[in-house]
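Me: I should be grateful for a close look at one helix in this structure and at its surroundings. Please set out the reasoning where there is any.

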Amino acid sequence: HLQHQHQRQPLPEEKQQEAKQTANTDERKAMDLDRDAPDSPAVKAKAGSDAVAAAVRGLREQHFDTDTCAIVPTLAKLVHNVLAKPGDPRVRQIRASNAAFESKVGRFPAAVAVLRAVGFVQGGDALALAPEREDAGVLRAALEALAAL
């Protein structure tokens, strides 16, 4: 003869708790997907920090000599000024033809690569950092990497 298996029905409170857990799990999965999306802030910051590390490594490998004594403080000052004065457009624009910039930074492709890694782009006679390209985390990573040289 057949034996009837009895399954206990969950109480309403248990159903609510189970629904909350499922919702929380789904929300965490969505956040993980957002975090790992190519255009998410976390992915952009990681990519920016990686680019900065690679650029600073290139600077160290190509110019770690007396030239570096002039390059590193100048780069650090340019990056620091953007962090210190986020609303000031003057610190976001560097004239490439400026004699001081050219002699200390501009003539070294690896040094310019560091500026590009933090978000500066070439536009005519200037390197400029548009506010939407600024990432304080990447700028801080650049300062740390430069300080470690």
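The reply below concerns helix α6 and the parts of the chain around it.

Reply: The model is a predicted one, and the description starts with the helix itself. Helix α6 covers residues 136-147, which makes 12 residues. From its first C-alpha to its last it reaches 16 Å, close to the 16 Å expected at 1.5 Å a residue.

Four of its residues, V138, L139, A142 and L146, are buried. Viewed down the axis of α6, the buried residues fall within an arc of 100 degrees, so they line one face of the helix. An α-helix has 3.6 residues a turn, so residues three or four places apart point the same way. On the other side of α6, E144 and A147 are exposed.

At the start of the helix, D135 places a side-chain oxygen within 2.9 Å of the backbone nitrogen of G137. In the loop between β3 (126-128) and α6 lies E134. This residue forms a salt bridge with R92, with the closest N and O atoms 2.1 Å apart. The pair links distant parts of the chain, because R92 sits in the loop between α3 (66-84) and β1 (93-95), 42 residues from E134. E134 has 23% relative accessibility and therefore counts as partly exposed, while R92, with a relative accessible area of 9%, is buried.

A search of the whole structure finds two salt bridges. Besides the pair already described, the side chains of R90 and D88 meet in a salt bridge, at 2.9 Å from N to O. Here R90 counts as exposed because its relative accessibility is 67%, whereas D88 is buried at a relative accessible area of 14%.

The nonpolar surroundings can be described next. The largest nonpolar core has 29 residues, and those with the most contacts inside it are L59, L75, L115 and F120. Helix α6 is among the elements that give two or more residues to this core, together with α2 (41-63), α3, α4 (99-106) and α5. One contact that reaches α6 is made by L75, which touches L146. Leaving aside residues up to four places away in sequence, L75 also touches L59, V105, A111, V114 and L115.

Of these partners, A111, V114 and L115 belong to helix α5 (residues 109-117), where they are buried along with A110, V112 and A117. After α5 comes G119, whose phi is positive, near 120 degrees.

Definitions and conventions:
Residues are numbered from 1 along each chain as its sequence is written. This is a predicted model: local features need pLDDT of at least 70, side-chain atom pairs count only at pLDDT 80 or more; totals for chains, interfaces and linings use all residues. Side-chain values use heavy atoms; hydrogens and water are left out. The expected span of a helix is 1.5 Å times one less than its number of residues. Buried means under 20% relative accessible area, exposed over 50%, partly exposed in between (1.4 Å probe, protein chains only). The arc is that of the directions from the helix axis to the C-beta atoms. A polar contact is a pair of N or O atoms within 3.5 Å; within protein, one must be able to donate a hydrogen and the other to accept it, and residues adjacent in sequence count only if both atoms are side-chain atoms. A salt bridge is a side-chain nitrogen of Lys or Arg within 4 Å of a carboxyl oxygen of Asp or Glu. A nonpolar core is a set of buried Ala, Val, Leu, Ile, Met, Phe, Trp, Tyr and Cys residues joined through side-chain atoms within 4.5 Å. Contact means heavy atoms within 4.5 Å.
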